[in-house]
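Please open the structure in your viewer and keep the selection tool at hand. This tour proceeds from one selection to the next.

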Amino acid sequence: MRTIDAGKRGEEIAEKALHKAGMKTLARNYRFGHCELDLVMQERKTGTIVFVEVKARSKDTVAFPRQSVTWKKQQNLRKAALGYCAENGLTEQPCRFDVVEVWLDDAHVEQFENAF
């Protein structure tokens, strides 16, 4: 499976799991300059905006997918999140950053709330 295809499939699996967990989708693949947010979700109960970085891998990898969310990647996600909030009038809304790991072999999903 090509990397782009794996990423799209991982995002679809993650989004479905987050819907089941009580979230609604606000945006997919939101771009702000050269930075991108995979998913922007909102918790239905609390209204919290959740910026989600999805990392999808097959089981034959050496490291956990979440380990590829480097400090530099986190900085880019923060920039994109600030842009999203400013563009959508959400600067006073509570928000957080989650990382969602998707194991493509069995569609196992693990969500790390407040990942950074």
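Begin by selecting E43, R96, D98 and E113, which are joined in a network of salt bridges. The model in front of you is predicted. Side chains of opposite charge can pair when their charged atoms come close.

Within this network, keep E113 and R96 in view: their salt bridge has its closest N and O atoms 3.7 Å apart. The pair connects distant parts of the chain, with R96 in strand β4 (residues 95-103) and E113 in the segment after β5 (108-112), 17 residues apart. R96 is buried, at a relative accessible area of 8%, while E113 is partly exposed, at 47% relative accessibility.

Next, select R28 and E15, whose side chains form a salt bridge (2.9 Å, N to O). R28 belongs to strand β1 (residues 23-32) and E15 to helix α1 (residues 3-20), so the pair ties together parts that are 13 residues apart in sequence. Is each partner buried or exposed? R28 counts as exposed because its relative accessibility is 54%, and the limit is over 50%. E15, with a relative accessible area of 9%, is buried.

Now select K73 and E53, another salt bridge, in which the closest N and O atoms are 3.7 Å apart. K73 lies in helix α2 (residues 71-87) and E53 in strand β3 (residues 49-57), so this pair ties together parts that are 20 residues apart in sequence. K73 is partly exposed at 25% relative accessibility, whereas E53 is buried at 3% relative accessible area.

Finally, return to the whole structure, which holds 8 salt bridges.

Definitions and conventions
Residues are numbered from 1 along each chain as its sequence is written. This is a predicted model: local features need pLDDT of at least 70, side-chain atom pairs count only at pLDDT 80 or more; totals for chains, interfaces and linings use all residues. Side-chain values use heavy atoms; hydrogens and water are left out. A salt bridge is a side-chain nitrogen of Lys or Arg within 4 Å of a carboxyl oxygen of Asp or Glu. Helices (H or I, at least four residues) and strands (E, at least two) are DSSP runs, numbered from the N terminus. Buried means under 20% relative accessible area, exposed over 50%, partly exposed in between (1.4 Å probe, protein chains only).
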